[in-house]
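Biologist: I am new to this structure and would like a close look at a single part of it, the largest cavity and what surrounds it. Which elements supply its lining, and what lies around them?

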Amino acid sequence: MSDPLPICYLNGAYVPLAEARISPLDRGFLFADAVYEVMPVYAGRPFRFQAHCERLARSAREIALPDPHTREEWRAIIAGLIERNGGGDQSVYWQVSRGADRVRNPAPLPELRRTVFAFCAPLRLPEAALLERGIACITAVDTRWARCDIKSVALLPNVLLRQRAVQAQAAETILLREGELTEASSAAVHVVIGGEVRTPPRSPRVLPGTTRGVVEELCGRSGLACRSHGVSEQELRSAEEIWISSAMREIVPVSTLDGAPVGTGRAGPVWRRIYNELQRYKQELGREPW
């Protein structure tokens, strides 16, 4: 991860990140009572802004948290933040918590002024050499809560699962629940079986990934078979190709899983086709309003 850029947005004002302050009684701090989004920005232009905004609004609805801003207000806030941090390639993180209460009280859910926070960092995408050789991943039992479809800041299980990858000198932890693939600790997982791209069905067990949605669209544009379908542990381990996808890493091939090679042990032809299609798609969107 890159160091954050100097200006953040907090409750209606752009301020130096080093000077931003929230109350220690904020419910996002005390209870993880908050939702968030992370979005890539290419040459100063947010990528799939509408999809990220829709997902934030959905996550907020699922925890009974009214969205404090309209779509156009979010657009203005984020545009102002990108501009104040110099444009170019960035990542934007934005978060809404239920706000700061007078006491630490889990329930009932109070009506408070929302805490709205956003910051940027330089976008550092995987280098060509890493993409060519692919990344190492490990597997683990999915120990997260039952509502992974909500993009909540309650990420301790994800943090601990990702740490297992770090300790194993791997890049990601791919998760299994009851013998079925769900996703990775911080990414969607795509599996190529018999030339078909499969991703686990949408359910409360998986986040509705925005980059996952892009992959599905690009498969359609490329004429590749693609469907949401269950993937067993055995199918995962014998797959021709495995990829992970996320806003901050785009689409990355997996070369080894628990030390065993995936396919040829290098980036595969189906991944390469979709990755190249993604680069063309980004150029197309760069000529359209966001």
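Modeller: Strand 3 (34–42), helix 6 and helix 8 each give at least two residues to the lining of the largest cavity. Helix 6 has the largest share of that lining, with three residues. The model is a predicted one, and the values here are computed from it. The lining has 13 residues in total, and those closest to the centre of the cavity are P40, Y42, F47, T211 and A247. Sorted by class, six of the lining residues are nonpolar, four are polar and three are charged. The space in this cavity comes to about 80 Å³. The count of cavities of 30 Å³ or more is three.

T211, one of the residues closest to the cavity centre, leads on to S246, since T211 is among the residues that S246 touches. The other two are S186 and A187, with residues up to four places away in sequence left out. S246 is found in strand 13. S246 has a relative accessibility of 12% and therefore counts as buried, the cut-off being under 20%. Its side chain reaches the backbone nitrogen of R249 at a distance of 3.3 Å.

Helix 6, helix 8 and strand 13 also appear in the account of the largest nonpolar core. Each of these gives two or more residues to that core, as do strand 7 (135–141), strand 8 (172–177), strand 9 (180–184), strand 10 (188–193) and strand 14 (250–257). Helix 8 (269–285) has the largest share of the core, at six residues. The core has 38 residues, and the ones that touch the most other members are I174, L181, V189, L236, I242, W243 and I274. Nonpolar side chains tend to be buried together in soluble globular proteins.

I174 shows what such a position looks like in detail. Leaving out residues up to four places away in sequence, I174 touches C137, I138, T139 and A140, and also L181, E183, A184, V189, L236, I242 and L257. Another core lies apart from this one; it has 23 residues, including L56, I78, W94 and A118.

One more serine can be set beside S246. S2 lies in the segment before strand 1 (7–10) and, at 18% relative accessibility, counts as buried. Beyond its neighbours within four places in sequence, S2 is in contact with A121, P122 and R124. The side chain of S2 reaches the backbone oxygen of P122 at 3.4 Å.

Conventions
Residues are numbered from 1 along each chain as its sequence is written. This is a predicted model: local features need pLDDT of at least 70, side-chain atom pairs count only at pLDDT 80 or more; totals for chains, interfaces and linings use all residues. Side-chain values use heavy atoms; hydrogens and water are left out. A nonpolar core is a set of buried Ala, Val, Leu, Ile, Met, Phe, Trp, Tyr and Cys residues joined through side-chain atoms within 4.5 Å. Buried means under 20% relative accessible area, exposed over 50%, partly exposed in between (1.4 Å probe, protein chains only). Helices (H or I, at least four residues) and strands (E, at least two) are DSSP runs, numbered from the N terminus. Contact means heavy atoms within 4.5 Å. On a 1 Å grid over the protein atoms alone, a cavity is a set of points where a 1.4 Å probe fits but cannot get out, and a pocket is an open set with protein on both sides within 12 Å along at least five of seven lines; lining residues have an atom within 4 Å of a point. Grid points are joined across faces, edges and corners, and a volume is the space filled by probe spheres set on the points. Ala, Val, Leu, Ile, Met, Phe, Trp, Tyr, Cys and Pro count as nonpolar, Asp, Glu, Lys and Arg as charged, and the others, Gly among them, as polar. A polar contact is a pair of N or O atoms within 3.5 Å; within protein, one must be able to donate a hydrogen and the other to accept it, and residues adjacent in sequence count only if both atoms are side-chain atoms.
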